[in-house]
Amino acid sequence: MSIGAGLRKFTKSSEFYVLLAVVLLCAVIGMRNPAFLTVFTGLDLLRASIVPGIMVFAVMLGIIAGGIDVSFPAIAVSSMFLTARLFEYLEWTGPVAVPILMSVAIGTALGTVNGLIIAFFKLPAFIVTLGTSHLFHGMLVWSIGARPVNRLPPTMDAFSRAEIFRITGETHSSAVPVTFWFLLGTIVVVYFILNYTMLGRGIYAIGGDRVSAERAGFNVRGITIFVYAFIGFASGLAGIVHTIQSRASFPVELIGSELLIIAAAVLGGTHIGGGKGTVLGSILGLALITISRNSLIMMGIPATAQMFVVGLIIVAGTGMSAYQAMRRENKLPRILDTAGGGVVAGK
Amino acid sequence: MKKSARKVLTLVAASAMVLVMTAACAAPAPSPPPAAQAPADAAPADTPTGAAGVNDDRVFTIATVVKLTGVGWFDRMEEGVNRFAAETGHDAFQTGHITADPAEQVRIIEDLIAQGVDAIAVVPNSTASLEGVLARAMDAGIVVISHEATDIQNAHFNIEAFTNEDYGALFMRTLGELMGGEGTYTAFVGSLTATSHNEWVDASIAYQEANFPNMVNVAGRNESAEDPVVAYNRTLELLRTYPDLRGFQGSAGSDVAGIGRAIEELGLVNETFVVGTSIPSVAGQFLESGAIDMIAFWDPADAGFAMNELALRVLRGEEIYDGMSLTAAGYQNMTLVDGMFFFGNASVAVTVDNMHEYPF
């Protein structure tokens, strides 16, 4: 495929329309306030997108496989708070990798619980995770109480200040923290799974049509368990990164963020019914949500109107990609109208 | 083989669920009765200390409903409620949901009405959304005392630790002096519907306009959703939008922590001034680094005690009057306005020098 043809194909994809929305939003904000169009804004937005980003790509995997997981904030907060309290109690001074691995392990375990229930009882993920979300969060508060951790162990605290690089200007300075690698790692892993592995084919297949996938020989049960375990894994990671970024841990944070995360994936063209979705689309969806959540002050929009504007951007964004999908569908040959020559006409 | 395995699995899952449910139902049940019984035995001896010598040995159940549980602020309030229970022998306890959700507060209060408690002391997330359920509570003969709700209608009395005007002015007096009466500042509220936060900021802005005419408020007030990470991101955004921003005022307890972290990272500790409501355990590390200059609060333990004490006086039919004392520190000479709004004199200003006197 030549570059020109590739570009033409891209302009017809739903990703293109999300990209257009992102560029449009940036242009509008930039016109209202030129300070937006600086490298500092970019770095600040990059940092603000780390925690939601890690969750977006995991949730996207679940949606492609045909299930909407809403328990990931509960898994994230359970993993991070349990870990923070444990290592505060231990007065931990060892390497920071241990609490991170611990949080990831808790997240994976909780995600596997979701996966087992969904796979073995063939229940809708939305219903199961609605329940387990309360189960996990409730268990956390019930078992270890809700007293926050106000000071992290010293190695975790030091890690929270670790930066990949920092750019310092006259009035402002901005850095990309080391935790950015976790987001990048998640993106690379999800991209690799979806595009280069049989597992990825299977995830698309069971999201498209579960029965067909089973008949085609995919291990539907195994793939389902993997998907929810992976969401748990990523949530555990996102949780501990959130705690590291906050330099404190509260058992009530992140809860309530699920809808914006799902919105980011769906904005990026991930089909809510399963079977469709790309990493690039979700990167753009994440960008749109992060920019609209973190740049409205720069546009001079008063706090009272911000929630309204974020909602407007989500509705407009999903509307644009849904319109594009509808147009694409209308262009497909109608089997009934073109009976007989349908295949030829469709080429 | 496979089929039987699934049967076993189903059975195990079902029995596990039953077990969890019975455990969940059984667990909360035993805890209130001992709390009610133990003090009841001790009540006759204890009663005179708590109730100013009134000879009334009825034991009342008083529920304190807080905005959310699991934060240092309301943990400290629970200490005051427990102290009240221990000193007076009444069945006083604190409850709340783990998120600051007005709908959850409504549900909790409905449960308390059904349980038939004698009094409810409540710290509303949103006054307007609680009016209906509190009216039902009063219809059911329950005494309702609120806190941090100067616009409430359906309560017997509301208690404030201080007038919100005085408290808002306290922050601006400090911030204005730190900034030398010059430069731009901005303010945060936990939520745009939190009455007290917005009244403090109103009062601060009014005090600034009257006393520091050369200072300028920018961006009005910003919403932190009571999340320090949101306050952090907003601070970065504000400093990009207004590079000469010098003053910050926080309202939710975690606002100054988020602001302080952004200030530290940008290396602006010496150029900027941060004041706001918080408690030492949350703001301590930033007071030490100099990112936060002053925090103020009222001791939630005393507020919790005072609410319960007032509820008890109302339940006993005692006289309620301007200038009365509710025993707790800062609440010993209450000003009564419009027949239902009590104001104390209980604000505490803390800097790095005296933070260690308040270990919570």
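The exercises below, each with a worked solution, concern a predicted model of a structure with chains A and B.

Residues are numbered from 1 along each chain as its sequence is written, and chains are lettered from A and ligands numbered from 1 in the order in which they are written. Because the model is predicted, local features need pLDDT of at least 70 and side-chain atom pairs count only at pLDDT 80 or more, while totals for chains, interfaces and linings use all residues.

**Exercise 1. Domains of chain B**

Task: State into which domains chain B is divided, and describe the contact between them.

Solution. Step 1: the bounds, which come from an automatic or database domain assignment, give domain 1 as 40-45 + 56-162 + 300-344 and domain 2 as 164-297 + 352-357. Step 2: taken over C-alpha atoms, the centres of the two domains of chain B are 29 Å apart. Step 3: two residues are in contact if their C-beta atoms, placed from the backbone, lie within 7 Å. On this criterion, 12 residues of domain 1 of chain B meet 12 residues of domain 2 of chain B. Step 4: the domain 1 side of this contact consists of 5 nonpolar, 4 polar and 3 charged residues. In this classification Ala, Val, Leu, Ile, Met, Phe, Trp, Tyr, Cys and Pro are nonpolar, Asp, Glu, Lys and Arg are charged, and the others, Gly among them, are polar.

**Exercise 2. The contact between the chains**

Task: Determine how many residues each chain gives to the contact, and which element of chain A gives the most.

Solution. Step 1: chain A and chain B each supply 33 residues. Step 2: on the chain A side, two or more residues come from each of helix H3 (39-48), helix H12 (220-246) and helix H15 (303-331). Helices (H or I, at least four residues) and strands (E, at least two) are DSSP runs, numbered from the N terminus. Step 3: H3(A) gives the most, with 4 residues. Step 4: by residue class, the chain A side has 16 nonpolar, 12 polar and 5 charged residues.

**Exercise 3. Strand S10 of chain B and its neighbours**

Task: Establish whether S10(B) is enclosed or open, and which strands pair with S10(B).

Solution. Step 1: a residue is buried if 20 or more other C-beta atoms lie within 10 Å of its own, exposed if 12 or fewer, and partly exposed in between, with C-beta atoms placed from the backbone. In strand S10 (residues 294-298) of chain B, 5 of the 5 residues are buried, so the strand is largely enclosed by the rest of the structure. Step 2: Met294(B), Ala296(B) and Trp298(B) point one way, Ile295(B) and Phe297(B) the other way, and all are buried. Step 3: two strands pair if DSSP finds at least two bridges between them. Strand S9 (residues 273-277) of chain B runs parallel to S10(B) with 3 bridges, and Gly276(B) stands opposite Ile295(B). Step 4: the path from S9(B) to S10(B) passes through helix H10 (residues 280-289) of chain B as a right-handed β-α-β crossover. Right-handed here indicates that, with the strands pointing away from the viewer, the path from the first strand over the helix to the second runs clockwise. Step 5: strand S13 (residues 347-350) of chain B is antiparallel to S10(B), joined by 4 bridges, with Ser347(B) opposite Trp298(B).

**Exercise 4. Strand S8 of chain B**

Task: Identify the strands that pair with S8(B).

Solution. Step 1: of the 6 residues of strand S8 (residues 245-250) of chain B, 5 are buried. Step 2: strand S6 (residues 183-189) of chain B pairs with S8(B) in the parallel sense over 4 bridges, and Tyr185(B) stands opposite Gly247(B). Step 3: S9(B) is also parallel to S8(B), through 4 bridges, and Phe248(B) has Val274(B) as its bridge partner. Step 4: S8(B), helix H9 (residues 255-266) of chain B and S9(B) form a right-handed β-α-β unit.

**Exercise 5. Positive phi values**

Task: Locate Leu254(A) and Glu148(B), and state whether each is buried or exposed.

Solution. Step 1: most residues other than glycine have a negative phi. Step 2: Leu254(A) has a positive phi of about 70° and is found in the loop between H12 and helix H13 (258-267) of chain A. Leu254(A) is buried, with 29 other C-beta atoms within 10 Å. Step 3: Glu148(B) has a positive phi near 60° and belongs to the loop between strand S4 (143-147) and strand S5 (157-160) of chain B. Glu148(B) also counts as buried, with 23 C-beta neighbours inside 10 Å.
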